[in-house]
Protein chains: 2
Amino acid sequence: MSDSQGEEVRGLALFATMGDVNFKALMRGTYVQNFPPRIDLIHENEPADFLHVVLSGAVDLFSQWNRRETSMATVRPVSTFILAASISDLPYLMSARTLEKSRIALIPSQDVRRMFAADTAFATAIAAELANSYRTVVKNTKDLKLRTSLERLANYLLRQSRTRGAPDFDLTTEKKRLASFLGMTPENLSRAFRALEPHGVKVEGSHITITDPQGLARYAKPNPLIDDYST
Amino acid sequence: MSDSQGEEVRGLALFATMGDVNFKALMRGTYVQNFPPRIDLIHENEPADFLHVVLSGAVDLFSQWNRRETSMATVRPVSTFILAASISDLPYLMSARTLEKSRIALIPSQDVRRMFAADTAFATAIAAELANSYRTVVKNTKDLKLRTSLERLANYLLRQSRTRGAPDFDLTTEKKRLASFLGMTPENLSRAFRALEPHGVKVEGSHITITDPQGLARYAKPNPLIDDYST
DNA sequence: CGTCCTTTTGAACATTGTCAAACACTGTGG
DNA sequence: CCACAGTGTTTGACAATGTTCAAAAGGACG
């Protein structure tokens, strides 16, 4: 991979602290590929041969069982996915497909495991990343088990509004996929948007306006231990 | 803590590989406490001062939001809980209470973080443990999102039967808590048990007999990427 | 302009939760 | 040992939530 691409990877907390020589060695086996939209990158149950880094575009992590499918997460630049499988040398638990045209760096899992053993700073960063991933999934589970779908949507909108820093914004994802991520059907999501109108939400296509942030928050009751990604 | 108690902790994969001196140093700050049943050990949002190790008994991890409560996991000997919070020096995401009389070792999080930086083998073991925890929660999320409550119960019973190595067994947990863990109400669980009868499940109080394992499996469609804890 | 897919809407249905009551089980104190 | 309280479990009736199916409307794109 080129040096400029290497810089993008190096900027990640996961790779920022490791030794220079080790990082270069890791990049030696790494290659970057461009993918069109809607391409399957990996499929659950396959051996985790590569740690993936999304450099640009967006990737959907999803799972299937018994002809049902659910969206588990969206990965946006610059970040990695399926680190746990790579480190553990176990099969992927989730599948991944590009949502848009994407540039992905592929780091051989074997090299990751080797560097993990060789470079203490890298090992530390990996543990921090895994701890963070774990806490994110736990928060997601709490969201799913403690809230109704309407409450999940309300809190999702508040989170979006906060990360964008504005009371109005465009949805970054298809409503169909948002529904799947929130654990409901598209039909139910459509009705949920309607049901949030009296709580201060206006929907025009994919453009959302939170007309009454306090009112929506009063209904949604956001909680740092579910809705804050930083803690 | 005494040496014999130290041995129990040492037996855990998490502590088995670290240096002897480091392990002893870690145990120096550790103390063991006995708790009666139904005692709150930690509460979500508190600072993660201690890594907990269940030496005997059983501990329920649960979360609350807006006057609702859900059981997230049961921790049985010998294993640790809230490692991610300890390592990250972030508040607990879950609360914990004893289910039975329990013996718990409390390891100061500060010491854990110090040893994590000092002992490479320990750091490796921590990353492995975190990766494993992450994958467990992902499997749990797939269970929740891809299956109905009836399917979750059926698969739960198959998992129990498999880990006990017998087609009949006693439930290790109250039905009320099992319901909460599976993401349903006690009433719904009671009816779910009834609904599984035609699929080969007999319920007498807390004693479960799987009269038709193949039939139940045909209905439950167990999947290694959801139901196997080892992969 | 037509085609494909997403989104929305309506109606029927299924699943799950709520409330109330009865029953079972456990442990306590008389 | 029994009465009793407290809690967990089960059952029934009903309400709320969510899904399915069908169809129409809206958008994206060749």
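A salt bridge is a side-chain nitrogen of Lys or Arg within 4 Å of a carboxyl oxygen of Asp or Glu. In this predicted model, the side chains of A:Arg97 and A:Asp40 meet that description, with 3.6 Å from N to O. The pair joins distant parts of the chain: A:Arg97 belongs to strand E7 (residues 95–98) of chain A and A:Asp40 to strand E2 (residues 40–42) of chain A, 57 residues apart.

Another salt bridge is formed by A:Asp227 and A:Arg159, whose closest N and O atoms are 2.8 Å apart. This pair, too, links distant parts of the chain, with A:Asp227 in helix H11 (residues 224–227) of chain A, A:Arg159 in helix H7 (residues 149–164) of chain A, and their positions 68 residues apart. Over all chains, a search of the whole structure finds 34 salt bridges.

Chain A also shows a contact between two helices. The axes of helix H8 (residues 175–182) of chain A and helix H9 (residues 186–196) of chain A come within 8 Å and cross at roughly 95 degrees. Angles of 65 to 115 degrees count as roughly perpendicular, so H8(A) and H9(A) are roughly perpendicular to each other. From H8(A), the residues A:Lys175, A:Lys176, A:Leu178, A:Ala179 and A:Leu182 meet A:Pro186, A:Leu189 and A:Phe193 of H9(A). By class, the residues of this contact of H8(A) with H9(A) are six nonpolar, two charged and no polar.

The next topic is the interface of the two chains. Chain B and chain A each bring 54 residues to the contact. The area buried between chain B and chain A is about 4,600 Å², and carbon and sulfur atoms give 72% of it. Of the area that chain B buries against chain A, 18% comes from B:Trp65, B:Leu93 and B:Lys145, more than from any other three residues.

Polar links also cross this interface. Between chain B and chain A there are four salt bridges, including one between B:Glu151 and A:Arg68, with the closest N and O atoms 2.8 Å apart. The count of residue pairs in polar contact between chain B and chain A is 20, both residues being at pLDDT 80 or more. Among the elements of chain B that each supply at least two residues of the side touching chain A are strand E4 (59–65), strand E5 (68–75), helix H6 (120–146) and helix H7 (149–164). H6(B) gives the most to that side, with 19 residues. The side of chain B that touches chain A holds 25 nonpolar, 19 polar and 10 charged residues.

Key:
Residues numbered from 1 in each chain as written. Chains lettered and ligands numbered in written order. Predicted model: local features only at pLDDT ≥ 70, side-chain atom pairs only at ≥ 80, totals over all residues. Heavy atoms only, no water. Axes fitted to C-alpha atoms, helices over the stretch in contact; angles between N-to-C directions. Helix = DSSP H or I, 4+ residues; strand = E, 2+ residues; numbered from the N terminus. Parallel < 35°, antiparallel > 145°, perpendicular 65-115°, else oblique. Contact = heavy atoms within 4.5 Å. Nonpolar A, V, L, I, M, F, W, Y, C, P; charged D, E, K, R; others polar. Buried area = accessible area lost by both parts, 1.4 Å probe. Polar contact = N/O pair within 3.5 Å; in protein donor to acceptor, adjacent residues only side chain to side chain.
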